[in-house]
Amino acid sequence: MKTFKYSLIISSLLVACSVQAESAVTIYGRIDTGIAYDNYGGDTHKDNTITMQSGLNTASRIGIKGIEEITDDLSVGFRLENRFASDSGALKGGLKGNKIFEGCSYLTVSSKKFGEVSAGRISGISSGSGAYDLQFFMDSFGGGTYGTGLAPVKSSRIDNMITYRTPMLAGFQGTLQYSMKTEESEEGDENTSDVDKFYAGGLRYKNGNLNLVAAYEETTWGKKVPAAAKGTTSKKIATIGGSYRFKPVTVYLQGQYFDGVNKLDGFSSAKNIKGFGTYAGTQFWFGLSSWQSMIYYRDYKVNTINNIEDHKAHMLGIATKYLYRPSKSIDIYIGGGFSTWDGQNAKTKKFTKDHAFNIITGITKYF
């Protein structure tokens, strides 16, 4: 019944958009379906698998966006985006399964002179997704790729968010974000100490083929949030990096510091995780087609749920992927990755060393 209601709402919105096409309303999206082979090993061994999956190259989604110019300088726009699984048709509905526009949902007021302000469900600046993402300029995969440990530490899409982005001034552009309550379904009122709140600030510098980025994100944990869902200190992620395009290759570098993380790699419910990460990547261009590669390393200390402090842990991940583009709207891809990481068995509490190897292939269609 819930899926039927969601389908009815989407159909109504699509009809409305087709009627209002003259108001610069656009329907867009992408469908990604592929096959993944996963080979696991180490202390906590899992069965090897061959599966059909959605989102191996990029998340499948359908969206509606629109803009209306009020004056030569001022405009008002919106974006509504739903993520779904193309292999099953299932909706990605948030923590409680009740969000039809889990991808994003926000309004924007934009000025060419003063920048833009958006409000709603918006991705963080280091999330690897969304209109305000800065990982795109530091990561050859745009925020990570398929497989365990093959991504920097990131934020995600966040409820009740206000975002301000400046216009580009002498090559510089700033972004500020604040969320009054990161997840609407959690207990507690917005903008109080009962709920998780999110702060972020980022600065991008562009000069020709050079992009430099500095970003900081912090989540303050709410008093009513269960202890297992938060760290013992506020979650902080600081990232610096950038990219430079030497034709026909773009080189990416970044470094991260993080603290207050409670889930990472093989630690699913730690009290606190603190450390750093380093990243390097490349993207070679062959016309529309490209070949992406990356290597990422993390070194950190964990305070565990069974009161072991400063346990040392590491993660190393490498990945590569070739994207053949017969047109601007189609990706045919093949790639693979390997990662090794430390963890802790949830039942025995023993520390583990695990690794995984994967191969992926599939097709993405943009529209």
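**View 1. Lining of the largest cavity in the predicted model.** The residues around the largest cavity are G266, F267, S268, S269, A270, T304, I305, Q344, N345, A346 and K349. This cavity holds about 80 Å³ of space. In the structure there are 3 cavities of 30 Å³ or more. Rolling a probe the size of a water molecule over the atoms shows where empty space is left.

**View 2. Contacts of H311 in strand β15.** H311 belongs to strand β15. With neighbours within four places in sequence left aside, H311 is in contact with F267, Y300, K301, V302 and F351. One of these contacts, F267, is also among the residues that line the largest cavity. Between H311 and F351 there are 9.5 Å in space, C-alpha to C-alpha, and the two are 40 residues apart in sequence.

**View 3. Nonpolar patch on the surface.** F276, I295, Y297, L316, I318, F338, F357 and I359 make up the patch, and together they have about 650 Å² of accessible area. Two or more residues of the nonpolar patch come from each of β14 (289-303), β15 (311-327) and β17 (351-366).

**View 4. F357 in strand β17.** F357 is one of the residues of the nonpolar patch and is placed in strand β17. Its relative accessible area is 36%. F357 is therefore classed as partly exposed, because this class lies between buried, under 20%, and exposed, over 50%.

Technical notes:
Residues are numbered from 1 along each chain as its sequence is written. This is a predicted model: local features need pLDDT of at least 70, side-chain atom pairs count only at pLDDT 80 or more; totals for chains, interfaces and linings use all residues. Side-chain values use heavy atoms; hydrogens and water are left out. Patches are made of residues with over 30% relative accessible area and no salt bridge: like charges are joined within 9 Å, nonpolar side chains (Val, Leu, Ile, Met, Phe, Trp, Tyr) within 5 Å. Accessible areas come from the Shrake-Rupley method with a 1.4 Å probe; for residues, only the protein chains shown count as cover. A salt bridge is a side-chain nitrogen of Lys or Arg within 4 Å of a carboxyl oxygen of Asp or Glu. Helices (H or I, at least four residues) and strands (E, at least two) are DSSP runs, numbered from the N terminus. Buried means under 20% relative accessible area, exposed over 50%, partly exposed in between (1.4 Å probe, protein chains only). Contact means heavy atoms within 4.5 Å. On a 1 Å grid over the protein atoms alone, a cavity is a set of points where a 1.4 Å probe fits but cannot get out, and a pocket is an open set with protein on both sides within 12 Å along at least five of seven lines; lining residues have an atom within 4 Å of a point. Grid points are joined across faces, edges and corners, and a volume is the space filled by probe spheres set on the points.
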